[in-house]
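Student: I am new to this structure and would like a close look at a single part of it. Could you pick one stretch, walk me through it, and then show me how it sits in the rest?

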Amino acid sequence: MDPQETWKRLIAAFIAYDWDAVLESADALQSWLNNEGFPPETIPEQRMGCDWNRTVVYAVCSYATDLARRVLNDEYGIPIGIPFSLSCRECDAFGPESFESAICEGWRAIEFAPNAVAENFFGDCPEHANPELLPALTTPNKENDIMANDKKRPVEEVRIGRIRAAIWENQTEQGVRHNVTISRLYKDGNDWKDTASFGREDLLLVAKVVDQAHTWIYEHANGSANGENGHSEEF
Ligand SMILES: [Zn+2]
């Protein structure tokens with residue numbers, strides 16, 4: 001256990017809104033301190049002393065853990081108890097005062113943004129939203145429209161930040177098989193697009209969404225006796 005590395009990981013996870021990693025790093029740091037481990041330098045370029053560092057680490061861990069649990073406990077990652085102030089990533093538009101009304105009005109890709117300056121949530125306003133981007137956040141009516149258009153949709157999506165794994169179901173002679181596509185969302189002018197090209201900073205997130213997709217497929221491959229063991233999934 002390297003407390004300095006773990007402290008860095010905790011902060012990086014918080015900035016990336018990677019709440020599972022926040023919980024994991026905070027938990028590791030707290031156990032380390034509880035077992036008389038020396039605290040990390042909380043301000044690496046400035047020695048603050050053991051007491052300061054220990055106090056800051058405990059406080060940050062407790063704050064971050066509480067926040068992460070509230071985000072993870074909500075189906076859409078909208079933590080309870082945080083005032084819902086929403087603005088568009090692209091323009092100056094402000095959203096309505098609740099998540100539900102925002103979805104009804106056509107806002108998409110709403111994300112808790114604890115390190116934003118003035119608002120608590122970012123989203124894509126109706127004008128800038130791509131309604132197909134995040135089907136999980138569409139209203140039931142919209143979802144039916146998409147179904148009616150006979151558009152094939154993934155059975156599951158795993159998303160961390162801008163990296164997304166979409167899990168697709170295929171009927172084959174051996175029963176249901178799953179394929180996974182990995183993409184990175186990015187802005188091109190006013191449009192959201194996706195690509196299968198990843199930068200250095202994306203790679204750990206790619207590994208995480210792939211890991212979670214793999215777990216999901218195993219948990220949902222209950223039908224056939226062969227399971228999907230040994231079956232190589234297409235990427
Ligand atoms: Zn907008």
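**A hairpin, a helix and their surroundings**

Tutor: Let's begin with a small feature that is easy to find. Strands β4 and β5 make a hairpin with two residues between them, and Gly161, in the turn, has a positive phi of about 55 degrees. Bear in mind that this is a predicted model. The two strands, β4 at residues 156–160 and β5 at residues 163–172, run antiparallel and are joined by five bridges. To see one such pairing, look at Arg159, whose bridge partner in β5 is Arg164.

Now for the helix that I would like to look at closely, α2. How far apart are the end C-alpha atoms of α2? The helix covers residues 19–34, which is 16 residues; at 1.5 Å a residue it should span 22 Å, and its end C-alpha atoms are indeed 22 Å apart, so the two values agree. Just after α2 comes Glu36, with a positive phi of about 70 degrees.

Which residues of α2 are buried? They are Trp19, Ala21, Val22, Ser25, Ala26, Ala28 and Leu29. The cover over these buried residues includes α1, at residues 3–15, and α3, at residues 50–72.

Two of these names come back when we turn to the nonpolar cores. In soluble globular proteins, nonpolar side chains tend to be buried together. Here the largest nonpolar core has 25 residues, and Leu10, Val22, Leu29 and Ala64 are those with the most contacts inside it. At least two residues of this core come from each of α1, α2, α3, α4 (99–105) and β2 (108–112). Another core, of 11 residues, lies apart from it and includes Ile160, Ala165, Val180 and Ile217. Back in the largest core, take Ala64 as an example: setting aside residues up to four places away in sequence, Ala64 touches Leu10, Phe14, Val22 and Ala26.

If you follow the chain past α2, you come to Pro40, in the loop between α2 and α3. Is Pro40 buried or exposed? Pro40 has 22 other C-beta atoms within 10 Å, and 20 or more are needed, so Pro40 counts as buried. Beyond its neighbours within four places in sequence, Pro40 is in contact with Pro3, Gln4, Trp7, Asn53 and Val57. From Pro40 you can also look back to Leu29 in the helix: they are 11 residues apart along the chain, and their C-alpha atoms are separated by 9.1 Å.

There is also an open sheet of three strands to find, with the order β1-β3-β2 and mixed pairing. Its edge strands, β1 (86–88) and β2, each pair on one side only. From one strand to the next, the twist averages 25 degrees. β1 runs parallel to β3 (residues 121–124), and three bridges join them; within that pairing, Ser87 has Phe122 as its bridge partner in β3.

Finally, step back to the whole chain. It holds six helices and seven strands, which run α-α-α-β-α-β-β-α-β-β-β-β-α from the N terminus on. Of its 235 residues, 23% count as buried. Among contacts between residues at least 6 apart in sequence, 48% join residues at least 24 apart.

Note on methods
Residues numbered from 1 in each chain as written. Predicted model: local features only at pLDDT ≥ 70, side-chain atom pairs only at ≥ 80, totals over all residues. Helix = DSSP H or I, 4+ residues; strand = E, 2+ residues; numbered from the N terminus. Expected span 1.5 Å × (residues − 1). Buried ≥ 20, exposed ≤ 12 C-beta atoms within 10 Å, placed from the backbone. Contact = placed C-beta atoms within 7 Å. Core = buried A, V, L, I, M, F, W, Y, C linked by C-beta atoms within 7 Å. Pairing = 2+ DSSP bridges. Axes fitted to C-alpha atoms, helices over the stretch in contact; angles between N-to-C directions.
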